[in-house]
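Q: Could you take me on a close look at one strand of this model and what surrounds it? I would enjoy a connected walk from there to the pocket and the salt bridges.

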Amino acid sequence: MTVLIVTGTDTGIGKTVFSAGLAGALGAHYWKPIQAGIDPEGDSETVARLSGLPAGHILPEAYRLATPASPHLAARLDGVEIALDRLALPLVDGPLVVEGAGGVLVPISEKRLMADLFAHWGRPVILCARTALGTINHSLLSIEALRARAVPIAGIAFIGDPHPENERIIPALAGVPSLGRLPLLDRLDAAGLAQAFRANIRLSDTFNR
């Protein structure tokens with residue numbers, strides 16, 4: 001079973017849209033283990049809308065928390081404790097795309113960060129990064145945090161308007177492949193995302209490492 005984990009340098013950078021494009025391109029199952037914030041919709045609903053996948057390929061979250069906050073805080077406000085044994089990777093036929101919550105060092109409990117969960121799984125991570133100002137620092141710090149925990153990195157995917165120098169220097173300094181850049185879409189729907197993903201993201205790089 002091929003598993004690809006999608007994370008980001010920050011929250012709100014477009015990793016859910018990227019996950020939808022990735023899962024749709026692979027015909028994968030999609031799983032968001034920890035959802036924090038469900039108004040107006042959770043990420044699973046967004047991926048269902050944008051991926052073109054059948055309903056059965058969108059797996060239920062292990063934790064579906066009401067507050068749009070760091071998972072550790074959202075869980076506390078909901079009166080639950082996030083337990084590692086509920087976060088085992090589900091077994092599916094074919095590829096599985098797993099989307100993290102927030103950035104690499106977001107806490108999921110008082111003792112564990114998202115990066116610790118990635119290390120526990122031991123599966124390759126795709127890091128989504130903005131192209132805008134500040135992305136060099138955020139991206140390199142995120143890659144260092146993953147490497148400090150021996151998390152395999154499949155590559156970095158940029159999201160946003162073109163910025164050739166940022167798109168060049170980050171992979172060069174970090175020693176990770178660039179998977180391309182997903183542009184911002186004027187009309188975001190399943191067909192448009194699938195076309196943009198095919199045209200701009202080099203999926204083969206994630207399977208040749």
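A: Happily! Let us begin with strand β1 (residues 3–8), which pairs with β5 (96–103) in the parallel sense over five bridges. Pairing here requires that DSSP finds at least two bridges between two strands. Strands are DSSP runs of E with at least two residues, helices are runs of H or I with at least four, and both are numbered from the N terminus. Within this pairing, Leu4 has Val97 of β5 as its bridge partner.

A word on the model itself: it is predicted, so local features need pLDDT of at least 70 and side-chain atom pairs count only at pLDDT 80 or more, while totals for chains, interfaces and linings use all residues. Residues are numbered from 1 along each chain as its sequence is written, and side-chain values use heavy atoms, with hydrogens and water left out.

β5 also pairs with strand β2 (residues 29–31): three bridges join them, and the two run parallel. There, His29 stands opposite Leu96 in β5. As for cover, eight of the eight residues of β5 are buried, where buried means under 20% relative accessible area, exposed means over 50%, and partly exposed lies in between (1.4 Å probe, protein chains only).

From β5 we can step to the largest pocket, since β5, α1 (15–26) and β3 each supply at least two residues of its lining. The volume of this pocket is about 420 Å³. Of the 25 residues that line it, the closest to its centre are Thr11, Lys32, Ala36, Asp43 and Gly102. A pocket is found on a 1 Å grid over the protein atoms alone, as an open set of points where a 1.4 Å probe fits, with protein on both sides within 12 Å along at least five of seven lines; lining residues have an atom within 4 Å of a point. Grid points are joined across faces, edges and corners, and the volume is the space filled by probe spheres set on the points. The lining divides into ten nonpolar, nine polar and six charged residues. In that count, Ala, Val, Leu, Ile, Met, Phe, Trp, Tyr, Cys and Pro are nonpolar, Asp, Glu, Lys and Arg are charged, and the others, Gly among them, are polar.

Two of those central lining residues, Lys32 and Asp43, are linked with Glu99 in a network of salt bridges. A salt bridge is a side-chain nitrogen of Lys or Arg within 4 Å of a carboxyl oxygen of Asp or Glu, and a search of the whole structure finds eleven.

Other salt bridges are worth a visit too. Arg64 and Glu61 form one, with their closest N and O atoms 2.7 Å apart; Arg64 counts as partly exposed at 37% relative accessibility, whereas Glu61 is buried at 17%. In helix α6 (residues 164–174), Arg168 and Glu165 lie three residues apart, about one turn of the helix, and their side chains meet at 2.7 Å, N to O. Asp189 and Arg187 make another salt bridge at 3.1 Å.

Back near the start of our walk, the loop between β3 (34–36) and α2 (43–51) holds Pro40, and the peptide bond from Asp39 to Pro40 is cis, with omega near 10°.
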